[in-house]
Amino acid sequence: MKNNFVIGLINVIFYCAFFTNNSNAQRITTIQLEGTQYFISKMNPYAPALNYYLAYQYCRSIGLQLVSFETMEKTKAMSNYLKNAGYTTTDYWTAGNKLGTNMLIWMSTGLPFNSTFNMMRNQKQERSFSARLGGRSVESAPGANCVALTKPLMEWDVFDCMATKDFICEQTRCYYYNYGAIPVTASQG
Ligand SMILES: *[C@@H]1O[C@H](CO)[C@@H](O)[C@H](O)[C@H]1NC(C)=O
């Protein structure tokens with residue numbers, strides 16, 4: 001009984017992520033790493049490098065979101081995987097950006113960056129990042145608003161969102177939330 005439920009749950013998540021969309025299904029390869037499903041564009045010969053906005057759209061088109069890194073553990077798991085699998089010759093867009101605000105947030109979840117660790121690449125950005133943590137604004141090159149993992153060490157940096165890069169999508173919760181929605185019909189006033 002319990003097993004059936006688990007299998008059912010896995011199926012729901014799977015459908016939720018992969019069959020709501022993408023009717024002219026191209027075969028895509030995803031990996032499962034520490035319980036989360038990821039799509040890494042570099043692993044997929046048909047996925048082109050894209051600017052930030054198109055990468056966001058691409059992830060949505062396969063039922064996923066650009067990746068976010070809320071914890072150190074998740075960050076390390078992904079960067080270690082990319083290093084060990086030899087995928088560190090390129091940059092990858094993440095869901096991180098500071099579009100419309102001076103604060104770095106994960107667009108996929110709406111959460112600010114975790115202040116207990118800092119993966120930003122260079123000293124200047126580290127200072128800026130600290131400044132943000134003190135409630136002030138992030139200083140970076142004008143127009144550099146979108147966060148990518150950078151080759152070869154997979155540290156984070158901000159770039160012009162129109163730059164073309166590989167990207168990583170992830171399966172996010174689309175099953176667990178229960179908003180207590182009110183059932184209605186179109187003819188109801
Ligand atoms: C922030 O990162 C730490 C270390 O990985 C983690 O334990 C904590 O849960 C994270 N906080 C949030 C809000 O995700």
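Here is a short chat about the ligand site and the salt bridges of this predicted model.

Biologist: Let's start with the ligand. Which residues surround the ligand?

Modeller: The shell around the ligand divides into two nonpolar, three polar and two charged residues. By name, the ligand is surrounded by Glu70, Thr71, Met72, Glu73, Asn114, Thr116 and Phe117.

Biologist: How far is a polar side-chain atom of Asn114 from an oxygen atom of the ligand?

Modeller: A few side chains put a polar atom by a ligand oxygen, so let's take them in turn, using a cut-off of 3.5 Å for a polar contact. For Thr116 the distance is 3.2 Å, and for Glu73 it is 2.6 Å. For Asn114, the polar side-chain atom and the ligand oxygen are separated by 2.3 Å.

Biologist: And what share of the ligand's exposed area does the protein bury?

Modeller: Picture the ligand taken alone, where it exposes 360 Å². Of that area, the protein buries 47%.

Biologist: Now Thr75. Is Thr75 buried or exposed?

Modeller: Thr75 sits in helix H3, which covers residues 72–84. Leaving aside neighbours within four places in sequence, Thr75 is in contact with Phe69, Phe117, Met119 and Trp156. Its relative accessibility is 4%, so Thr75 counts as buried.

Biologist: On to charges. Which residue meets Lys74 in a salt bridge at 2.7 Å, N to O?

Modeller: Side chains of opposite charge can pair when their charged atoms come close. Lys74 lies in helix H3 and its partner in strand S9 (residues 166–170), so the pair ties together parts that are 96 residues apart in sequence. Lys74 is buried at 15% relative accessibility, and the partner is buried too, with a relative accessible area of 3%. That partner is Glu170.

Biologist: Which residues are linked in a network of salt bridges?

Modeller: We already have the salt bridge between Lys74 and Glu170. The network takes in those two along with another residue, giving Glu70, Lys74 and Glu170.

Biologist: How many residues apart in sequence are the parts tied together by Asp157 and Arg121?

Modeller: Their side chains meet in a salt bridge of 2.9 Å, N to O. Asp157 is buried at 5% relative accessible area, whereas Arg121 is partly exposed at 32%. Asp157 lies in strand S8 and Arg121 in the loop between strand S6 and helix H4, so the parts they tie together are apart in sequence by 36 residues.

Biologist: Last one: how many salt bridges does the count come to?

Modeller: One of them joins Asp91 and Lys165, with the closest N and O atoms 2.9 Å apart. Both of those residues are buried. The count comes to four.

Note on methods: Residues are numbered from 1 along each chain as its sequence is written. This is a predicted model: local features need pLDDT of at least 70, side-chain atom pairs count only at pLDDT 80 or more; totals for chains, interfaces and linings use all residues. Side-chain values use heavy atoms; hydrogens and water are left out. A residue is near a molecule or strand if one of its heavy atoms lies within 4 Å of it. A polar contact is a pair of N or O atoms within 3.5 Å; within protein, one must be able to donate a hydrogen and the other to accept it, and residues adjacent in sequence count only if both atoms are side-chain atoms. Accessible areas come from the Shrake-Rupley method with a 1.4 Å probe; for residues, only the protein chains shown count as cover. Ala, Val, Leu, Ile, Met, Phe, Trp, Tyr, Cys and Pro count as nonpolar, Asp, Glu, Lys and Arg as charged, and the others, Gly among them, as polar. Helices (H or I, at least four residues) and strands (E, at least two) are DSSP runs, numbered from the N terminus. Buried means under 20% relative accessible area, exposed over 50%, partly exposed in between (1.4 Å probe, protein chains only). Contact means heavy atoms within 4.5 Å.
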